[in-house]
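Could you walk me through this structure, stop by stop, while I have it open in a viewer? I would like to know what to select next and what is there.

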Amino acid sequence: MVHQQRSQAHLSPSSDTEDMTDMSRLLAPRLAYFAGVARTEHVTRAAQEMRVPQSTLSRAMVRLEQDLGVDLFARRGRTVSLTPAGRTFLTSVERALAEIGKAAEEVRADADAATGKVAFGFLHTMGAETVPGLIHAFRADHPRVRFSLVQNYGEAMLERLRAGELDLCLTSPVPDAPDLVARRLDEQKLRLVVPADHRLAGRRRVRLAEAADETFVTLEPNYGLRRITDDLCKEAGFKPRVAFEGEEAETLRGLVAAGLGVALLPPPAVARPGVAELTVTAPRAVREIGVAWLDGHPDTPPVAAFKRFLLSRRGNLLPT
């Protein structure tokens, strides 16, 4: 049978996005049927292998050719053979079906209760001790669950949460947004960090107002800890003079040690020489740590298990 282009195609070969979407929606359900018929070159045998009525399969092939506007098969009774256009189409269809099968296996594997994956985001300051400790404790009962970890500042993690790139994130401040669910897990004391030779270095406790004339080194404005710092200083009656804005708490500690300024920071994983860390007595200098997820987003079994685990650590999240 000589390949002919059908004179009446249901869809015009337009490059318009809407036309392409319509074409994909019409073709997609019939691709597996087409591949089965092309493989067996026999409609009855293909119908038996795929466990569908022969009439359903025959109609699907006719509709597929109508949608494309070309003949894919040369027919001799119930035996068929591919036209040149059919052979070209089959190559791409097999590749597409293989990719779909691979994607299906990946999402099934990620959702597996025992070996699935959790996409988890957390603050930079949670990375040295808190998150490794949490994952270690969780994997005592779920040893084969995999983690895709993202370390970033709070707003960036919430953006990735909304984009579907994260399942859960550990952040501060605890977000209050209509599209998110957030639960407070713990609070962390903040300390005034000063150089070892600073006038306040010999003190154990300090009121934040006593640092009103100091130069501060802080995180950048879009970081949650920066907003907390600004709010605490405002509560203490002053606006901090900022000498440097960075992205890492430990970088700020190093700059404090170098005498560039003072900083409000959470406790370090390992004590750093060259600085003194003072308890702030007023105002109450803490930051709340919470877990957030997208409202209405269904959890896979491993995500649900890790969420339950995090919520069970309320008040006991941070290392002592």
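Here is a tour of strands, helices and one buried residue. One thing to keep in mind on the way: this is a predicted model.

**Stop 1: a hairpin**

Start by selecting residues 73-76, which are strand 1, together with residues 79-82, which are strand 2. The two strands pair in the antiparallel sense, over four bridges. Look for Ala 74, whose bridge partner in strand 2 is Ser 81. Strand 1 and strand 2 form a hairpin with two residues between them. Colour Gly 77 in the turn: its phi is positive, at about 70°. Now show the side chains of strand 2. Val 80 and Leu 82 make up its covered face, while Thr 79 and Ser 81 lie on the uncovered one.

**Stop 2: two crossing helices**

Next, select helix 2 (residues 31-40) and helix 4 (residues 54-68). Two packed helices are described by the angle between their axes and the distance between the axes. Here the axes come within 10 Å and cross at roughly 105°. Angles of 65 to 115 degrees count as roughly perpendicular, and helix 2 and helix 4 are therefore roughly perpendicular to each other. To see what meets at the crossing, display Tyr 33, Phe 34 and Val 37 from helix 2, then Thr 56, Leu 57, Ala 60, Met 61 and Leu 64 from helix 4. Sorted by class, this contact has seven nonpolar residues, one polar residue and no charged ones.

**Stop 3: strand 5 and its partners**

Move on to strand 5, residues 168-171. Which of its faces are covered? Both are: Leu 168 and Leu 170 are buried on one side, and Cys 169 and Thr 171 are buried on the other.

Add strand 3 (residues 117-122), which runs parallel to strand 5 and is joined to it by three bridges. Within this pairing, Gly 121 has Cys 169 as its bridge partner in strand 5. Then add strand 13 (residues 286-294), which runs antiparallel to strand 5 and is also joined to it by three bridges.

Zoom in on Thr 171 in strand 5. Opposite Thr 171, in strand 13, stands Gly 290. The relative accessible area of Thr 171 is 1%; because buried means under 20%, Thr 171 counts as buried. Leaving aside residues up to four places away in sequence, Thr 171 touches Leu 123, Gly 154, Met 157, Glu 288, Ile 289 and Gly 290.

**Stop 4: one side of a helix**

Select helix 6, residues 130-138, and show its buried residues: Thr 130, Val 131, Leu 134, Ile 135 and Phe 138. Why do they sit on the same side of helix 6? They cover an arc of only 125° around the axis, which puts them there. Switch on the surroundings too: what covers these residues includes strand 3, strand 4 (146-151), strand 5 and helix 10 (301-311).

**Stop 5: an open sheet**

Finish with an open sheet of four strands in the order 8-12-7-11, with mixed pairing. Its edge strands are strand 8 (205-207) and strand 11 (263-265), and each pairs on one side only. Neighbouring strands of this sheet are turned by 45° against each other on average, direction ignored. For a last selection, take strand 7 (residues 191-195) and strand 12 (residues 275-282), which pair in the antiparallel sense over five bridges. There, Arg 191 stands opposite Thr 279 in strand 12.

Terms used. Residues are numbered from 1 along each chain as its sequence is written. This is a predicted model: local features need pLDDT of at least 70, side-chain atom pairs count only at pLDDT 80 or more; totals for chains, interfaces and linings use all residues. Side-chain values use heavy atoms; hydrogens and water are left out. Two strands pair if DSSP finds at least two bridges between them. Axes are lines fitted to C-alpha atoms, for helices over the stretch in contact, and angles run from 0 to 180 degrees between N-to-C directions. Buried means under 20% relative accessible area, exposed over 50%, partly exposed in between (1.4 Å probe, protein chains only). The arc is that of the directions from the helix axis to the C-beta atoms. Contact means heavy atoms within 4.5 Å. Angles under 35 degrees count as roughly parallel, over 145 as roughly antiparallel, 65 to 115 as roughly perpendicular and the rest as oblique. Ala, Val, Leu, Ile, Met, Phe, Trp, Tyr, Cys and Pro count as nonpolar, Asp, Glu, Lys and Arg as charged, and the others, Gly among them, as polar.
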